[in-house]
Amino acid sequence: MKYSSYYLKTNKEAKSLESINATLLQKGGFVEQVMAGVYAFLPIGLRVLNKIETIVREEMDKVGSELLLPALSPKSLWEQSGRLNTIDVLFEVRGANDLARAKNSASYILNPTQEEIMTTIVRHYAMSYKDLPLAVYQIQTKFRSEPRAKSGLMRGREFRMKDLYSFHETAEDLDRFYDEMKSVYARVFDRMGLGHATHLTLAGGGDFTSNFSHEFQTVCETGEDIIFYDEKEKIWKNKEVASEELQKTAESVRASEVGNIYRFGTKYSDSFDHIITQQNGDKSAVHTGSYGIGTSRLMGVLVEKFHDEKGIMWPESVAPFTVYLAGLNRDDDATIAAADAAYTALEEAGVETLYDDRDTGTGAKFADAELLGIPWRVVVSKKTAGKLEVTSRATNETHLLEISEFLKKAGK
RNA sequence: CGGGGCGUCGUAUACCGGUAGUACGCAUGGUUUGGGACCAUGUAGACUGGGUUCAAUUCCCAGCGCCCCGACCA
């Protein structure tokens, strides 16, 4: 991608906000705030979000099938599950025509999560024990009318989430799958470079049939949760379920909830009559679980975890580009040709490259490379004499390499 | 939802009871080109409504919006 024709403008003058991710993502032109808790993902920001969601998708595909549910649902569905009154962040909307004819107008809900819809759909498919176990998921925009949106992408009113739902004949089989999901999730966070900082954490299960749920908490100062490590039970616990005793004795850490897994038992199948026929002909309610990962929140958490005073430092697996190719000496035809050739070679080798072909000063190019957090800065100039000057964003080490040597290093 | 702060060109800010200045950005031209370089010219602004006043961007009230603390957080 050539910078000169890409939808990208960085802004060194942007206002510094309390949250690092909001500041750096806006300075770098990754996102633009539309209102409190609502962000537009600009092209380079969408690349990052897509990388994150691709990792999630690849791991989820190993255990389930992807589908896409609507973002809008009838209010009646929420009356049926009883959640109309228990979820206080529901967005209720009406169409313009409905407003004009307010008398018998319908109301809709902008979905904050989709157990209701998923259950009503899946019950038409999974009618026999032969259809189970079953796992389906989607990656979609969710809506929650948060009383206080904050911290950039970490708590929005509109956000991206992967939600997977599993359906089982027995509680035991649900437990088996639930445990399997713990390792599936661990792999997702590992791939994003967050494995070491992300803890499986015991949390409250609310009014669900199981007493506890599990969260995946990434240690992070901007996080909204406080977790404690229970030495005796060898597990992290969210403050909401940690005993007074533990809170007194264990050290607390701030963390951000990047994923969660819940067992519902038959709560939703009871609400929506999701009944299957067993092998012996008996009928029984399906056991379900749901499993979420906040993909846009993860983007915020990644910035909080990986940055320095110059900007973002994306892990290579989620970086918008692998290489920032800075073409210097734009007044020299031979150097321009060399940079063009390097760009072509990198692209042909499958290395995602942002080629800074602008006629600007060197400082502006280097500052952008650092702000944008692209793993490798590659310089082609009069000085580099046919080679590539390669600098790691993470370590700041610089090496002069042949293109072939660099491609090898980049694993191509 | 309680508390606090703030609303001025696209962005960041300044001043002021007598209609607003700077920097960045953007546009044009020129000089530059290994750390956000420079010169010239141009561009563009007082959140909304009400009140006080001869006069309001400025003071007062309300609304709306944004930020922060807390509460909440399927």
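A residue counts as near a molecule or strand if its C-beta atom, placed from the backbone, lies within 6 Å of it. Keep that cut-off at hand for the RNA stop below. The model is predicted, so local features need pLDDT of at least 70 and side-chain atom pairs count only at pLDDT 80 or more, while totals for chains, interfaces and linings use all residues. Residues are numbered from 1 along each chain as its sequence is written, with chains lettered from A and ligands numbered from 1 in the order in which they are written.

**Stop 1: chain A as a whole**

Select chain A and zoom out. Its C-alpha atoms fill a box of roughly 80 × 60 × 45 Å along the principal axes. Colour by secondary structure and you'll find twelve helices and 23 strands; these are DSSP runs numbered from the N terminus, with helices being H or I of at least four residues and strands E of at least two. Of the 412 residues, 40% are buried, meaning that 20 or more other C-beta atoms lie within 10 Å of a residue's own C-beta, placed from the backbone (exposed is 12 or fewer, partly exposed is in between).

Now colour by domain, using bounds from an automatic or database domain assignment. Domain 1 takes 39-71 + 111-308, and domain 2 takes 323-409. Their C-alpha centres lie 40 Å apart.

**Stop 2: the β1-β2 hairpin**

Select residues 31-35 and 38-41. These are β1 and β2, antiparallel and joined by four bridges; two strands pair if DSSP finds at least two bridges between them. Click on Gln-33 and look across to its bridge partner in β2, Tyr-39. Two residues sit between the strands, and Gly-37 has a positive phi near 80° in this hairpin.

**Stop 3: a three-stranded sheet**

Next up is an open sheet with antiparallel pairing and the order β4-β6-β5. The edges are β4 (72-74) and β5 (91-93), each pairing on one side only. Neighbouring strands here are turned by 35° against each other on average, direction ignored; the axes are lines fitted to C-alpha atoms, and angles run from 0 to 180 degrees between N-to-C directions. Add residues 108-110 to the selection: that's β6, which three bridges join to β5 in an antiparallel arrangement. One spot to click is Phe-91, whose bridge partner in β6 is Leu-110.

**Stop 4: around the RNA**

Show RNA strand B and its neighbours. There are 43 residues around the strand, and the closest are Ala-36, Thr-362, Gly-363, Ala-367 and Ser-381. β13 (252-265) and α11 (362-372) are the elements that give two or more residues to this surface. Which element gives the most to the surface near RNA strand B? That's α11, with eight residues.

**Stop 5: the other residues of α11**

Stay on α11 and pick out its buried residues: Lys-365, Asp-368, Ala-369, Glu-370 and Leu-372. They pack against β18 (311-312), β19 (323-327), β20 (353-356) and β21 (376-380); a contact here means C-beta atoms, placed from the backbone, within 7 Å. Just after the helix comes Gly-373, with a positive phi near 75°.

**Stop 6: Ala-345**

Finish in helix α10 (residues 333-348), where you'll find Ala-345. Is Ala-345 buried or partly exposed? Ala-345 is partly exposed, because 16 other C-beta atoms lie within 10 Å. Draw a distance to Ser-404: the two C-alpha atoms are separated by 9.4 Å, though the residues are 59 apart along the chain.

How values were computed. Two residues are in contact if their C-beta atoms, placed from the backbone, lie within 7 Å.
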